[in-house]
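Here's a quick tour of a protein model, with an eye on helix packing and a couple of odd backbone angles. Have the viewer open and follow along.

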Amino acid sequence: MTNIDYNTQRDQLRMPEYGRCIQQMVDHCKSIDDRAERLRCAQTIVQLMASMVKQHGDADEFRKKLWNHLAAIADYELDIDYPVEIERIEDTRAQHDRIPYPQKRIARRHYGAIVEALMQKLTEIEDEEERLALTQQVANQMKRALARWNADAMSNDKVLDDIFQYTQGKVGIMPEALPLLSDQEILSGIQTANTGKKKKKKHHG
């Protein structure tokens, strides 16, 4: 029987405005052993965050704000060489502008509204290499979402087909051109993340 993952049973998001999708990506980023790969993953996440927020004012300040938000979402436990100065804020949620969460019907609720919104971003990226890198990150996140929703439904072909359907055929990628994390890596990563959360709760309890 599949366990249902209710929002009320999950850990509170440090920055709810970015959604659980970004939180899960950051959690995965923290678990990457290779430092260079960890930084590349963080850069991709910041790009995703930038696509969700309307830029106001100076571009450098906007970039600094995003990296600081990333650090806060990671609870300041993401070990990378940040390209900006990170200013630790104890309660970040009270220190930044709210980001309106989209109030609309979600076609595939197991992926969430953020993944759905990112599909539009994929269709707007002209640089093929950049689009492929972002597609890979989003596809891996979709695969994690499937694993949490119903592990039996987890499939690379389903993820790529859903991307094709989401983007109305504008983003179609052959499986061999977009290697995704294996089923074992996905399930192991989820198990590791859950174990880490339980240990953290026990430590603070």
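## Two helices that cross

This is a predicted model, so treat everything below as computed from it. Start with helix 2 (residues 35–52) and helix 3 (residues 59–73): their axes come within 10 Å and cross at roughly 115°. As for handedness, the helix 2 and helix 3 crossing is right-handed.

Which residues do the touching? On the helix 2 side you'll find Ala42, Gln43, Ile45, Val46, Met49 and Ala50, and they meet Phe62, Leu66, Trp67, His69, Leu70 and Ile73 of helix 3. Sort that contact by class and you get 10 nonpolar and 2 polar residues, with no charged ones.

## A closer look at helix 3

Helix 3 is 15 residues long, and its first and last C-alpha atoms sit 21 Å apart, close to the 21 Å expected at 1.5 Å a residue.

Plenty to click on here: the buried residues of helix 3 are Phe62, Leu66, Trp67, Asn68, His69, Leu70, Ala71, Ala72 and Ile73. Their cover includes helix 1 (19–31) as well as helix 2.

## Two positive phi values

Now for the backbone. Most residues other than glycine have a negative phi. Asp75 goes the other way, with a positive phi near 60°. You'll find Asp75 in the loop between helix 3 and helix 4 (113–124). Is Asp75 buried, partly exposed or exposed? Asp75 counts as partly exposed because its relative accessibility is 24%, which falls between the 20% and 50% cut-offs.

Gln168 is another non-glycine with a positive phi, this one about 55°. Gln168 is also a loop residue, placed between helix 6 (156–166) and helix 7 (183–204). With a relative accessible area of 69%, Gln168 is exposed, since the cut-off for that label is over 50%.

## Zooming out

How many helices and strands does the protein have? The count is 7 helices and 0 strands, so from the N terminus the elements simply read α-α-α-α-α-α-α.

The protein has 205 residues, and 38% of them are buried. Take the contacts with a separation of 6 or more: 61% of them link residues 24 or more positions apart. As for the outside, the accessible surface comes to about 12600 Å², and carbon and sulfur atoms own 46% of that.

Technical notes. Residues are numbered from 1 along each chain as its sequence is written. This is a predicted model: local features need pLDDT of at least 70, side-chain atom pairs count only at pLDDT 80 or more; totals for chains, interfaces and linings use all residues. Side-chain values use heavy atoms; hydrogens and water are left out. Axes are lines fitted to C-alpha atoms, for helices over the stretch in contact, and angles run from 0 to 180 degrees between N-to-C directions. Helices (H or I, at least four residues) and strands (E, at least two) are DSSP runs, numbered from the N terminus. A crossing is left-handed if the near helix is turned anticlockwise from the far one by less than a right angle, and right-handed if clockwise. Contact means heavy atoms within 4.5 Å. Ala, Val, Leu, Ile, Met, Phe, Trp, Tyr, Cys and Pro count as nonpolar, Asp, Glu, Lys and Arg as charged, and the others, Gly among them, as polar. Buried means under 20% relative accessible area, exposed over 50%, partly exposed in between (1.4 Å probe, protein chains only). Accessible areas come from the Shrake-Rupley method with a 1.4 Å probe; for residues, only the protein chains shown count as cover. The expected span of a helix is 1.5 Å times one less than its number of residues.
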